[in-house]
Amino acid sequence: MSVVPADSVETPEPAWRQRAVERSTRAAKLRAEQRVQRFLDAAQELIADKGTTDFTVQEIVERSRQSLRSFYQHFDGKHELLLALFEDALSQSATEIREKAAAGSDPLERLKIAVELLYESSKPRPGRQSPLFTDFAIQLLVSHPDQVATAHLPLLALFTELVEEAVDAGVATSPKARRTASLIMQTAMFTAQAPAAPVGAHPSPITVEEVWAFCLGGITGVAAASVPEHAAAPPAKNAGATKRTAAAKTSPLAKKAAPVKKAPPAQQATPPAKSTTRKATSRRQA
């Protein structure tokens with residue numbers, strides 16, 4: 001009598017083993033995160049001390065009191081470390097803007113707060129050095145534009161949400177909310193960093209109010225309510241025409257020319273006809 005062997009059944013891994021492996025993995029992950037943070041903190045300290053991103057990996061290692069081997073276990077090089085700092089700074093900025101914009105009473109108000117905060121945070125300030133943005137970010141924009149785009153994703157996601165909220169509420173129009181959000185972000189950031197625009201002989205910086213009015217007009221077709229009162233007067237062309245008309249009525253030439261009125265052609269032809277009749281009658285009497 002033959003016995004057919006049953007299919008082999010895999011014995012499940014004991015629960016204690018799974019817990020041990022997970023605990024070990026969590027511990028290793030925590031240690032790795034701590035080492036990475038120490039490298040980041042060391043780089044931040046060097047940037048603050050030197051006022052530039054011009055330092056070496058060895059300086060980072062010595063400042064962090066870790067090994068060079070450990071550094072290259074987590075970073076491919078100095079560029080990747082600075083990129084991590086840049087991404088972290090933009091992510092924190094997005095979080096702060098989101099929290100403050102939430103205080104707005106309606107979608108347009110929340111978007112306005114976000115634009116103003118992004119503009120102010122992008123402005124260069126005298127005496128405050130930000131080499132991570134003024135030096136590294138500019139180089140990164142030229143050499144690795146794709147990395148710059150990736151670093152800005154948290155901000156782009158926030159502004160896309162704000163634009164979509166305004167569109168859903170019926171107070172804005174945008175066929176592509178993400179592209180509109182990108183345009184708004186670039187307008188705020190690059191305008192804040194740009195030098196003052198020349199107006200006559202004096203430089204005139206573009207204000208955050210002008211930036212918001214421009215963005216608001218782009219998504220609603222309506223200018224911001226902060227337009228000066230005199231701007232609501234009739235257009236200069238119409239006003240000029242009115243002034244010219246009034247001046248023409250009161251000018252000396254107009255006064256002299258006013259009494260002169262040309263009679264219709266029929267009235268001018270009548271007097272000669274009467275004169276001819278009188279001459280013919282006087283001849284007959286003679």
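**The largest pocket and Gln66**

Student: What is the volume of the largest pocket?
Tutor: This is a predicted model, in which local features need pLDDT of at least 70 and side-chain atom pairs pLDDT 80 or more, while totals for chains, interfaces and linings use all residues. Residues are numbered from 1 along each chain as its sequence is written, and side-chain values use heavy atoms, without hydrogens or water. The largest pocket (an open set of 1 Å grid points where a 1.4 Å probe fits, with protein on both sides within 12 Å along at least five of seven lines) has a volume, as filled by probe spheres set on the points, of about 1200 Å³.

Student: Which residues are closest to the centre of the largest pocket?
Tutor: The lining (residues with an atom within 4 Å of a point) has 43 residues. Closest to the centre are Phe86, Leu90, Ser122, Phe133 and Gln193.

Student: Which helix gives the most to that lining?
Tutor: Helices (DSSP runs of H or I, at least four residues) are numbered from the N terminus. Those giving two or more residues include helix 1 (15-50), helix 4 (78-101) and helix 9 (177-193). The most, 10 residues, comes from helix 4.

Student: Is Gln66 buried or exposed?
Tutor: Gln66 lies in the loop between helix 2 (57-64) and helix 3 (68-74). Its relative accessibility is 13%, and the cut-off is under 20% with a 1.4 Å probe, protein chains only. Gln66 therefore counts as buried.

Student: Which residues does Gln66 contact, leaving aside neighbours within four places in sequence?
Tutor: The Gln66 side chain reaches the backbone oxygen of Arg35 at 3.2 Å. Counting contacts as heavy atoms within 4.5 Å, the list for Gln66 is Arg35, Arg38, Phe39 and Val61.

Key. Buried < 20%, exposed > 50% of the residue type's maximum accessible area, 1.4 Å probe, protein only. Polar contact = N/O pair within 3.5 Å; in protein donor to acceptor, adjacent residues only side chain to side chain.
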